[in-house]
Amino acid sequence: MKIIHFHRNPQVGFHSIENMYASIRTVLVQQGVSIRKVRLPFTCKSHLGKLLNILYTCFFRADVYHMTGDAHYIAMVLPKQKTIISAHSVEGGRKELVGLKGKLYKYLYFTIPNRHTSYWTTVSNFTRQELIDYIKCDPDKVKIIANPILATFQKSPKIFNASKPVLLQVGTNPRKNIAQLLRAIKDMNCRLHLVGVPSEEERHLLTVYNIDHIITPKASPAAMNTIYENCDIMVLISVNESFGMPIIEAQQVGRVVLASNVTAMPEIGADAAIYVDPYDVNSIRMGIEMLISNADLRANLIEKGYKNVQRFDLNQIAQQYLALYQAIFYAKKSH
């Protein structure tokens, strides 16, 4: 059985999908599975780039073709009975794209690919339902395979700094809701560590509210492990997450998590996090204060976090992908 992993053209600062599938390939190759990585030569920013990627895809032959994310449109030249597409997010089809642009995006990235794939994989039940609702596809062809926790992140107990805790915010995409977080922690004796590049508004609020903070524009997985180790609370009050990787990374390291009670976050964090209303400043503040003041609660959440991340074991996730590859391979052979 020959498998191809198609990857998008590299994007500066976006490597999570590539790192994840590299780890999955390592596990499966050690078991004797033949997987080839193919990187698309052009970005998806222009229609010419998309067209050239489609033409490039035509030259490859395999038993299973897996589009690992973002360039779904290449499926239009792949054999349906051999093709899998992984949708890591749907987000309503990128709501910032309106009118003709929005319709074209849906057509190229979801409608046409849906006609040319045997299976979609999604990273959460929330994203699975979002995909089904968005393109009205057959629910039986959408399989949930979660993101794995990578070996980079290791258990590292830490004495909680109750007098001035470090709050960690990973990512600065607008959906991360950082301005609301800043409003919630103003006048709170804490330090905020932001990983990413904050907007002008967020920089302004950091100054106006006189919030003690650190900004790390980007970090490697190894550096992120150290950042998690040095924090006291990981905060993720996004208004939309298809998965919420920082939740399980923080839990793996052994840090308490405060997350939003919307989209996929309660599904991923399970009973090992505190959930708040991301639209309510008081709810966010009260959640943080509860974690700071209650040592028993923190200890309980950390222990539950260690148990929760077992669901995202790399070997287990790799076997789920292998089972899907085998289902396609043997179904093809039976015909």
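This report walks through one sheet and one helix pair in a predicted model.

## The sheet

Let's start with the strands. Six of them build an open sheet, and reading across it the order goes β9-β8-β7-β10-β11-β12, with parallel pairing. At the edges sit β9 (212-216) and β12 (274-276), each of which pairs on one side only. From one strand to the next, the twist averages 20 degrees.

As a quick reminder, strands in a sheet pair through backbone hydrogen bonds, and the pairing can be parallel or antiparallel.

Zooming in on one edge, β11 (residues 256-260) and β12 run parallel and are joined by 3 bridges. If you want a spot to click on, try S260, which stands opposite V276 in β12.

## Helix α6 on the sheet

Now for the helix side. α6 packs on the sheet and touches three strands there: β7 (166-170), β8 (191-195) and β10 (233-236). The direction of α6 makes about 170 degrees with that of β8.

## Where α6 meets α11

Helix α6 (residues 178-185) also has a helical partner, α11 (residues 281-293); their axes come within 8 Å and cross at roughly 60 degrees. That crossing is right-handed.

Which residues do the touching? On the α6 side they are Q180, L181, R183, A184 and I185, while α11 brings V281, I284, R285 and I288. Sorted by character, the residues of this contact come out as 6 nonpolar, 1 polar and 2 charged.

## Putting it together

So far as α6 goes, the picture has two parts: the helix packs on the sheet, and residues such as L181 and I185 belong to its contact with α11.

Methods
Residues numbered from 1 in each chain as written. Predicted model: local features only at pLDDT ≥ 70, side-chain atom pairs only at ≥ 80, totals over all residues. Heavy atoms only, no water. Axes fitted to C-alpha atoms, helices over the stretch in contact; angles between N-to-C directions. Helix = DSSP H or I, 4+ residues; strand = E, 2+ residues; numbered from the N terminus. Left-handed = near helix turned anticlockwise from the far one by under 90°. Contact = heavy atoms within 4.5 Å. Nonpolar A, V, L, I, M, F, W, Y, C, P; charged D, E, K, R; others polar. Pairing = 2+ DSSP bridges.
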